[in-house]
Amino acid sequence: MMKRIFTGKDMAIILVCGFAVVVVVNFYMASVAIGGFGGVVVENSYVASQKYNGWLERARETKRLGYSVALKRGPDDHLLADVAHAPDHAQVSAQLRRPLGKPETLTLELKPEGDGRYVTDRPLPAGRWIARIVIDKGVDHWIDELEVQ
């Protein structure tokens with residue numbers, strides 16, 4: 001049985017193949033990361049910083065109203081909202097967005113069913129969503145964000 005001699009050519013092949021694997025994996029991971037990026041949170045951070053105190057004041061006003069919402073998916077995939085402490089016949093809407101992956105948004109109106117329960121008129125597509133719930137009643141304007149699974 002004859003032993004093969006390990007040459008510089010063998011070492012070069014091992015190094016090239018090893019680096020090729022690293023490069024291929026890096027390009028794959030970069031393409032997955034870029035494909036899952038849904039965009040920026042704010043277009044201009046300087047302008048957003050100028051509006052920050054106003055956003056905080058609106059959040060305090062929202063908290064003072066004392067409303068609360070619990071969201072869940074109904075058996076027929078309609079979005080159900082249990083609204084507590086809100087005035088009767090308040091207008092409730094939901095602006096939904098996907099938290100990950102390809103950006104997708106959806107706006108749904110919720111219709112009252114009585115006893116603080118609201119339901120959408122059409123089913124919610126499958127998957128995870130972030131819902132921005134807006135309750136309007138006259139000058140009172142309440143907003144909160146909740147996750148829907």
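These legends go with several close-up views of one predicted model.

Residues are numbered from 1 along each chain as its sequence is written, and side-chain values use heavy atoms, with hydrogens and water left out. Because the model is predicted, local features need pLDDT of at least 70 and side-chain atom pairs count only at pLDDT 80 or more, while totals for chains, interfaces and linings use all residues.

**View 1. A nonpolar surface patch that includes Met11.**
Phe6, Met11, Ile14, Leu15 and Phe19 make a nonpolar surface patch of about 530 Å². Patch residues have over 30% relative accessible area and no salt bridge; nonpolar side chains (Val, Leu, Ile, Met, Phe, Trp, Tyr) are joined within 5 Å, like charges within 9 Å. Areas come from the Shrake-Rupley method with a 1.4 Å probe, and for residues only the protein chains shown count as cover. Met11 sits in helix α1, residues 8-35. Helices (H or I, at least four residues) and strands (E, at least two) are DSSP runs, numbered from the N terminus. Why is Met11 called partly exposed? Its relative accessible area is 37%, and the term covers values between buried (under 20%) and exposed (over 50%), with a 1.4 Å probe and protein chains only.

**View 2. The second largest pocket.**
This pocket has a volume of about 510 Å³. Closest to its centre, of the 14 residues that line it, are Trp55, Arg58, Ala59, Thr62 and Ile143. A pocket is found on a 1 Å grid over the protein atoms alone: it is an open set of points where a 1.4 Å probe fits, with protein on both sides within 12 Å along at least five of seven lines, and lining residues have an atom within 4 Å of a point. Grid points are joined across faces, edges and corners, and the volume is the space filled by probe spheres set on the points. Which elements each supply at least two residues of the lining? They are α2 (45-65) and β7 (140-148). Helix α2 gives the largest share, seven residues. By class, the lining has five nonpolar, two polar and seven charged residues. Here Ala, Val, Leu, Ile, Met, Phe, Trp, Tyr, Cys and Pro count as nonpolar, Asp, Glu, Lys and Arg as charged, and the others, Gly among them, as polar.

**View 3. Ala59 in helix α2.**
Ala59 lies in helix α2. Its relative accessibility is 44%, so Ala59 counts as partly exposed. Ala59 and Gly116 are 57 residues apart in sequence. In space they are 22 Å apart, C-alpha to C-alpha.

**View 4. Salt bridges in helix α2.**
A salt bridge is a side-chain nitrogen of Lys or Arg within 4 Å of a carboxyl oxygen of Asp or Glu. By this rule the count comes to nine. Arg60 pairs with Glu57, their closest N and O atoms being 3.0 Å apart. Both residues lie in helix α2, three residues apart, about one turn of the helix. Arg60 is partly exposed at 44% relative accessibility, and Glu57 is partly exposed at 33%.

**View 5. A salt bridge between strands β3 and β7.**
Arg97 forms a salt bridge with Glu145, with the closest N and O atoms 3.1 Å apart. The pair links distant parts of the chain, 48 residues apart: Arg97 is in strand β3 (residues 91-97) and Glu145 in strand β7. Arg97 is partly exposed, with a relative accessible area of 36%. Glu145 is partly exposed too, at 35%. Elsewhere, salt bridges that share partners join Glu57, Arg60 and Arg64 into one network.

**View 6. Two loop residues with positive phi, Asp77 and Asp115.**
Most residues other than glycine have a negative phi. Asp77 has a phi near 65 degrees. Its place is the loop between β1 (68-73) and β2 (79-84). Asp77 is partly exposed, at 34%, and its side chain meets that of Arg73 in a salt bridge (3.9 Å, N to O). Arg73 is partly exposed, at 21%. Asp115 has a positive phi of about 55 degrees. Asp115 lies in the loop between β4 (105-114) and β5 (117-120). Is Asp115 buried or exposed? At 86% relative accessibility, Asp115 counts as exposed.

**View 7. Val83 in strand β2.**
Val83 is part of strand β2. Its relative accessibility is 11%, so Val83 counts as buried. Val83 and Val69 are 14 residues apart in sequence and 4.6 Å apart in space, C-alpha to C-alpha.
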